[in-house]
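Grab a pencil and work through these exercises with the structure open beside you. Try each one before you read its solution.

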Amino acid sequence: MSLKKYQDLALGGNIERGGTAVDFKTGDWRSLKPVYKPENCIHCLFCWAYCPDSAVHVADGKMAGFDLDHCKGCGICAHECPGKKGAKAIVMEPEVK
Ligand code: SF4
Ligand code: SF4
């Protein structure tokens, strides 16, 4: 992505259209990442409902992994995940780059 000169930016830093978040890989600055443990998943989709970045993939009504380009590593999904019999289906691990 090429950077714009300041003269080309919108006055006041206004965001001129919706959906611009998809253009930026905000996951680049994540320090923790969610790791999916499918053996503990009951497909309740709490992770999908609570994720503030729409970074949980769902396919055929089931949890299907993460969009790590846009996941910021907040850990809400792991916190809310009930898992199976107390064993979490999402755990947060350090990001290794
Ligand atoms: S919240 Fe946990 S158990 Fe529920 S769908 Fe997501 S990963 Fe699976
Ligand atoms: S860590 Fe946060 S941003 Fe990433 S998938 Fe979970 S809830 Fe979404």
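**Exercise 1.** Is Y50 buried, partly exposed or exposed? Then find its ring partner and describe how the two rings meet.

*Solution.* Keep in mind that you're looking at a predicted model.

Step 1: Y50 has a relative accessible area of 43%. Buried would need under 20% and exposed over 50%, so Y50 is partly exposed.

Step 2: Look for aromatic pairs, and you'll find that the structure holds one. That pair is made by F46 and Y50, with 6.3 Å from centre to centre and 65° between the planes. An angle over 60 degrees counts as edge-to-face, and that's the label this pair gets.

Step 3: Check where the partners sit. F46 and Y50 are both in helix α1, which covers residues 46–50, and they're four residues apart, so about one helical turn separates them.

Step 4: Check F46 too. With a relative accessible area of 40%, F46 is partly exposed.

**Exercise 2.** Which residues are closest to ligand 1, and what classes make up the shell around it?

*Solution.* Step 1: Count the neighbours: 13 residues surround ligand 1. The closest are C41, C44, L45, C47 and C81.

Step 2: Sort the shell by class. You get 12 nonpolar residues, one polar and no charged ones.

Step 3: Ask about the space itself. Ligand 1 takes up the largest cavity.

Step 4: Pick two of the closest cysteines and check their exposure. C41 is at 14% relative accessibility, so it counts as buried. C81 is buried as well, with a relative accessible area of 9%.

**Exercise 3.** How many disulfides does a search of the whole structure find?

*Solution.* Step 1: Recall what you're hunting for: a disulfide is a covalent bond between the sulfur atoms of two cysteines.

Step 2: Use the cut-off, which asks for two cysteine sulfur atoms within 2.5 Å.

Step 3: Run the search over the whole structure, and the result is zero disulfides.

**Exercise 4.** Which residues are around ligand 2, and where does C51, one of them, lie?

*Solution.* Step 1: List the neighbours. They are C51, P52, D53, F66, C71, K72, G73, C74, G75, I76, C77 and M92.

Step 2: Sort them by class: the shell around ligand 2 has eight nonpolar, two polar and two charged residues.

Step 3: Name the space. Ligand 2 sits in the second largest cavity.

Step 4: Zoom in on C51. You'll find C51 in the loop between α1 and β2, and at 16% relative accessibility it counts as buried.

Step 5: Compare sequence with space. C51 and G73 are 22 residues apart in sequence, and their C-alpha atoms are 10.0 Å apart.

**Exercise 5.** What is the phi of S54 and of K85, and where does each residue lie?

*Solution.* Step 1: Start with S54. Its phi is positive, about 50°, although S54 isn't a glycine. S54 lies in the loop between α1 and β2 (56–59), and at 64% relative accessibility it counts as exposed.

Step 2: Move on to K85. Phi of K85 is near 50°, again a positive value in a residue other than glycine. K85 belongs to the loop between α2 (76–80) and β4 (90–94), and K85 is exposed, with a relative accessible area of 86%.

**Exercise 6.** What distance separates the C-alpha atoms of D23 and H70?

*Solution.* Step 1: Place D23 in the segment before β1 (32–36). At 39% relative accessibility, D23 is partly exposed.

Step 2: D23 and H70 are 47 residues apart along the chain, and 9.6 Å separates their C-alpha atoms.

Terms used
Residues are numbered from 1 along each chain as its sequence is written. Chains are lettered from A and ligands numbered from 1 in the order in which they are written. This is a predicted model: local features need pLDDT of at least 70, side-chain atom pairs count only at pLDDT 80 or more; totals for chains, interfaces and linings use all residues. Side-chain values use heavy atoms; hydrogens and water are left out. A residue is near a molecule or strand if one of its heavy atoms lies within 4 Å of it. On a 1 Å grid over the protein atoms alone, a cavity is a set of points where a 1.4 Å probe fits but cannot get out, and a pocket is an open set with protein on both sides within 12 Å along at least five of seven lines; lining residues have an atom within 4 Å of a point. A molecule sits in a cavity or pocket if more than half of its atoms lie within 2 Å of its grid points. Ala, Val, Leu, Ile, Met, Phe, Trp, Tyr, Cys and Pro count as nonpolar, Asp, Glu, Lys and Arg as charged, and the others, Gly among them, as polar. Rings of Phe, Tyr and Trp (its six-membered ring) pair if their centres lie within 6.5 Å; planes under 30 degrees apart count as stacked, over 60 as edge-to-face and the rest as tilted. Helices (H or I, at least four residues) and strands (E, at least two) are DSSP runs, numbered from the N terminus. Buried means under 20% relative accessible area, exposed over 50%, partly exposed in between (1.4 Å probe, protein chains only).
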